[in-house]
There are 2 protein chains.
Amino acid sequence: TTMDYSTNDSKSTSKKKVVAVVGGGLVGNLNACYFAKRGFQVEVFESREDILQAKIVKGRSINLVLSHRGRQTLKHVGMEDTIISKGIPMHSRMIHALNGTQSPIPYGKKGQYILSIDRANLNKELLSAAETYPNINLNFANKLLDWSTETGAMTFVRAEGAKEEIQADLIVGCDGAFSAIRKQFLRQSRFNYSQTYTPHGYLEFTMPPINGEFAMKPNNLHIWPRNTFMMIALPNLDKTFNCTLFMPFEEFEKVTTGDKVIEFFQKYFPDAIPLIGALLRGIFFRLPAQAMVSVKCSSYHFGDKCVLMGDAAHAMVPFYGQGMNALFLIFISGAVLPEYTRVRVPDDLAIYFILLTNSDVNSKWFLFRKYVDNFLHIIMPRTIIPLYTMVTFTRTRYHKVVKHWHWQDKVRKDIVHVHSTLFKGL
Amino acid sequence: TTMDYSTNDSKSTSKKKVVAVVGGGLVGNLNACYFAKRGFQVEVFESREDILQAKIVKGRSINLVLSHRGRQTLKHVGMEDTIISKGIPMHSRMIHALNGTQSPIPYGKKGQYILSIDRANLNKELLSAAETYPNINLNFANKLLDWSTETGAMTFVRAEGAKEEIQADLIVGCDGAFSAIRKQFLRQSRFNYSQTYTPHGYLEFTMPPINGEFAMKPNNLHIWPRNTFMMIALPNLDKTFNCTLFMPFEEFEKVTTGDKVIEFFQKYFPDAIPLIGALLRGIFFRLPAQAMVSVKCSSYHFGDKCVLMGDAAHAMVPFYGQGMNALFLIFISGAVLPEYTRVRVPDDLAIYFILLTNSDVNSKWFLFRKYVDNFLHIIMPRTIIPLYTMVTFTRTRYHKVVKHWHWQDKVRKDIVHVHSTLFKGL
């Protein structure tokens, strides 16, 4: 069967323009709300079953970190308060040393914090919000098979196996890092593309409450930095922590039995053993370690027919908590698609730079630079702004963040230089 | 129909192992000869018609530069002499300044040269060589539709539209920068991949002989460096030069009429106007400027079923003349595929570094460094070897070239420093 939702035929010019959002995750549902608010007819196509109905929800569960950029985006669709009411503020990183010592490093100035957000719950909230718009139609169990760059027609396979061809005025590809929509972009000449896997995999597990209370201080993002790998833990409303272990795949392969898990934790995370408790022996064996990919590409648009959004355009590794926060939206119509590419690509590349710059939370230099930065920020608050603060607590465009940071770096070096020269002079 | 060439079934273990080479260009035919020499049954599948029979040959025609590495490869299949007899030695770059002055920069020491090779002729020679092996079977007009990573079965569409399924013991993907074989690699987890287009396009045209003779000195690679773009010209046996203009696409778009072509040449390449002659007005309008892509990926192999070779694995922009010369072959069987990836990837990445390092042939620093290098090479021939010499006149592995070059760079800087300090001292 063929369904033509588009308004290209001459009879129906008075009809609403139809936007097809492919992918009903965070990015897809948020975009659907934005387009619906602008008056478009929105058709969302999601390959999975309705998560509000389904019993088992597949997909990633690493908690999300919500900061200023992401909050502003939610605010525009009236959802900021609902979401933050279910988030847990984290004021500091809490660094766990090998000997069990815990040292907090604040995220910003007093009162500034980021939020630990349950991914599945945020998904549900966004889906529920989308359902309230009369001009959003949610189509579950619709898997994209292919689409035509000439006509813009999409072919979906439904759960029962039937194929359906669908036509819209604009396709918005929100179908994640392994985007099916993006496949057509790859066949286009002069489309730059890269996908890079980290040598690290990740493994998730739960740290249960102890005597009905959080096993560790709840208002922190707990970090166990261990050279080539690390563990993190983020708090949940049910007083559990969601733990994630990031480690090279080769290391995961070495841990083959419950005894080896214990041995491994005794060597690297002894303080976490009593906190995880009886579950610990089994954590490596329920699911294999997952791969992490970062995707970069340009352009984000294909003529006036299609545009990529979110992970489909710029999947990133989770270490800096910007995946969701990078998702901001500008008004889109056919004519502005090239503009979207022009404006966004430098920002998204800047995020990768920031990730590289901050990959070494463990080093003494990182701690020293944070100390210098925070000190300078206090005495010159408008001139010196720590990198993390610019990224997390402002909406300064990412590429400007990097530019400003480079300039600050020069200032910082001069100051450190003067400082050390003075000492040498003594 | 299904054709099972493979030896996996128990009855035919005494049969020769079958290698399917997908792509019958330079890389495919050369690989076919290598595998045939090793005693394999080789099936070559090429989507185009037989170029030895066909009247019109499509594809690129930028002349190839053959240097030491490429010659060694040809030697192993007994073709070095045939090919160099039809090449034209180039001893120097010949730099054309805006005022028409020509300055030679030698490629190496006296007697060292690179060869200008006609791509179409080399293709034909390799194809003719492949035809002489009784255990090579050339299948033209066979376009790969898909292949299965589980069974290794390939599906081809023949010219008349019939589909055929083919099974081999090993698939060798030699199908170029836009490899159809590689598509299955992209669907695999942890496959790193990038494709990057230059902002430059290229346009080819011919400089005819003048009074039956070469229009310029034949034993040079002529270069007109002009900041963001450049023109080059390589000699052919028929006393023409193959010219290529590399320029940002935006600049190409500005030249819309014959008059504008003349105007453009008057501004940038006045000395070439009388040499190209009457053909000049038309050169921008026969074919559009072509895009250039560089491809990097890892791994090059997929289990024991498939391996990528040549541009399919590491397409590179033509500026350093290493595309063909990077094509060297190590013995391959299922078990050594991971080893092939491990050995080759660092070398191929090194080539990209070398390309970056040498992208500025126009700068005074480049000329000065070449002068210092060549001078040091004369007084310390085993210690200081110019980068171009290592790449072009040796078979030193590319990643070692880069390592040695970095070390030399330190020595060079020290020497220049001492030199300038001495001058300051005077």
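What follows is a short conversation about how two chains of a predicted model meet.

User: How are the residues and chains labelled, and which parts of the model count?

Analyst: Residues are numbered from 1 along each chain as its sequence is written, and chains are lettered from A in the order in which they are written. This is a predicted model, where local features need pLDDT of at least 70, side-chain atom pairs count only at pLDDT 80 or more, and totals for interfaces use all residues, while side-chain values use heavy atoms, without hydrogens and water.

User: What makes residues of chain A and chain B count as being in contact, and how many are there?

Analyst: Contact means heavy atoms within 4.5 Å, and by that rule 14 residues of chain A touch 14 residues of chain B.

User: Why are β14(A) and strand β14 of chain B called a pair?

Analyst: Strands are DSSP runs (E, at least two residues), numbered from the N terminus, and two of them pair if DSSP finds at least two bridges between them. Here β14(A) and β14 of chain B (residues 192-207) are joined by 3 bridges in the antiparallel sense, so the definition is met. One of the bridge partnerships links Q195(A) with Y193(B) in β14(B).

User: How do you know how the two copies are related?

Analyst: Copies are superposed by least squares on the C-alpha atoms of residues with pLDDT of at least 70 in both. A turn of 180 degrees, with a shift of 0.1 Å along the axis, lays chain A on chain B with an RMSD of 0.1 Å. The two copies are therefore related as by a two-fold rotation axis. Among the residues of chain A, S194(A) comes closest to that axis, its C-alpha lying at 2.0 Å.

Notes
Helices (H or I, at least four residues) and strands (E, at least two) are DSSP runs, numbered from the N terminus.
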